[in-house]
Amino acid sequence: MPQTNALWSAQAHMPTVLSNPQTVIVKGDGAYITTADGDRLLDAAGGLWYANIGHGRDEIAQAAAEQIRTLETWHIFGRYVNEPALELANKIATLAPFDDAKVIFTSGGSDSVDLALKLARRHQQLQGQPEKLTVVSRQDGYHGLHAYGTSVAGLSFNSDGFGPGTLIPETLLVDQWDIDAAERTIREHGGEKIAAFIAEPVMGVGGLVPPPAGYFERIKELAKEFGFLVIADEVVTAFGRLGTWTASERFNLEPDMITFAKGITSGYLPLGGVIVAPSVSSQFYAGNDAPIFHQGLTYSGHATVAAVALKNLEIIERENLLGRVRELEPVLVEELEQLRHHPGVKDVRHIGLMGGVDLADGVSGLDVVAVLEGRGVHLRNLPNNILQISPPFIVTAEEIRTIVRGIRDALDTVHGR
Ligand SMILES: Cc1ncc(COP(=O)(O)O)c(C=O)c1O
């Protein structure tokens, strides 16, 4: 039987999706995407924050094709490995903000969060700290949608509706802005029961929140006091979004683990992983009686995906795209600051090539997005009615101006409707 409408879209109210025309994207080139209707749109969101080197790179297609012709993949279980996976892990270790990094591969961001949090608990058990089970996360934080990420979600629409409590019970949410409030919650809970603290260095989906002054410094102090691990969820920020290889480097976070995904392949193929510091990895590497951490997915270290990631990193280095992000950051800041006092705007936030426009009450971000799309710019409205700006690193200063001035014009149209 032929079927229509079989695709269950992501994060979507399906009756609404199916009662309106869907936007089908059929092509990508550089910082632009093209719809099935032939509209060419400037990709101001970088897809879902992944299209860092831009769309449609032939070099990447060639790297994938060559690897597939040679060996599509071979798994990395036990003593087996494949060359691209080995090379990529070593490359990532050189870009990590700490020495002697170990790299575990997964298939995406949610996988990586799940793995890092399990590893945190395993670590504490092996350290003889059986009571250390709680994972602390921040209100409005987003850590993907696996059971662990859902359990530590700070956005209630993602965590609610699965029955009482969280899927994994040992969780604790703390304030994302006020470090004093966060510290109080941690102390009231009992810091000695905490296995790990996980946070996005710059909160993404929850509203483009750069780290409040002193927040992570205090978290590091608490981690030391109570002996819990710090995990930087860099699924959005790793591999250049802030003009450094990691946000941890930019903010001197010194985490025990870093989760990554998106930017490692710029979205050309799915890949995620966890960069693990010696504070956690060393016990699994030392001596004949070293314990095993039972991780490993069929596609962990997939050879073709790893070949694509290596090519992606090569392009970022060859074209100095980190330098470019650093050059573009002040342009984005200058443009966004001019929006700050628009009556349709509550707040603007920016860091690296990430910008957020927090819209005033009564202004619909979806309306702004629709107006902008009609004018050739694709933007994303985040759940808290915040516009997400995160274009590919290859965008020009002029295109950044087009995006932000386009938002202003769209707000003039939409505000007061
Ligand atoms: C900070 C963060 N963690 C985890 C994830 C989940 O990644 P994925 O959608 O690849 O599973 C995301 C996705 O946007 C994210 O932004």
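Strand 2 (residues 32-35) and strand 3 (residues 40-43) pair in the antiparallel sense over three bridges, where helices (H or I, at least four residues) and strands (E, at least two) are DSSP runs numbered from the N terminus, and two strands pair if DSSP finds at least two bridges between them. The model is a predicted one, in which local features need pLDDT of at least 70 and side-chain atom pairs count only at pLDDT 80 or more, while totals for chains, interfaces and linings use all residues. Residues are numbered from 1 along each chain as its sequence is written.

Within this pair, Thr34 stands opposite Arg40 in strand 3. The two strands form a hairpin with four residues between them, and Gly38 in the turn has a positive phi of about 90°. Strand 2 also pairs with strand 1, in the antiparallel sense and over four bridges; here Ile25 stands opposite Thr35 in strand 2. On strand 3, a further pairing is made with strand 13 (residues 377-378), in the parallel sense over two bridges, and Val377 in strand 13 is the bridge partner of Leu42. The result is an open sheet of four strands in the order 1-2-3-13, with mixed pairing. Strand 1 (25-29) and strand 13 stand at the edges with a single partner strand each, so one side of each is left without a neighbour in the sheet.

The ligand is surrounded by 16 residues, a residue being near a molecule if its C-beta atom, placed from the backbone, lies within 6 Å of it. The closest are Gly108, Gly109, Ser110, Gly144 and Val235. Helix 5 (residues 109-126) gives the most to this shell, with three residues. By class, the shell has seven nonpolar, seven polar and two charged residues; Ala, Val, Leu, Ile, Met, Phe, Trp, Tyr, Cys and Pro count as nonpolar, Asp, Glu, Lys and Arg as charged, and the others, Gly among them, as polar.

Helix 13 (residues 321-339) has 19 residues and reaches 27 Å from its first C-alpha to its last, close to the 27 Å expected at 1.5 Å a residue, the expected span being 1.5 Å times one less than the number of residues. Helix 13 nevertheless bends by about 30° at Leu328, the bend being the angle between axes fitted to the seven residues ending there and the seven starting there. A proline, Pro330, follows within four residues. The buried residues of helix 13 are Leu321, Val325, Leu328, Leu332, Glu335 and Leu336. A residue is buried if 20 or more other C-beta atoms, placed from the backbone, lie within 10 Å of its own, exposed if 12 or fewer, and partly exposed in between. The cover over these buried residues includes helix 12 (303-318), strand 11 (345-351), strand 12 (354-359) and helix 15 (397-414).

Two loop residues have a positive phi although neither is a glycine. Asn320, in the loop between helix 12 and helix 13, has a phi of about 45° and is exposed, with 12 other C-beta atoms within 10 Å. Ser266, in the loop between strand 9 (257-260) and strand 10 (272-276), has a phi of about 55° and counts as buried, with 29 C-beta neighbours inside 10 Å.

Val363 is found in the loop between strand 12 and helix 14 (365-374) and counts as buried, with 20 C-beta neighbours inside 10 Å. Leaving aside neighbours within four places in sequence, Val363 is in contact (C-beta atoms, placed from the backbone, within 7 Å) with Gly344, Leu411, Val414 and His415.

How values were computed
Contact = placed C-beta atoms within 7 Å.
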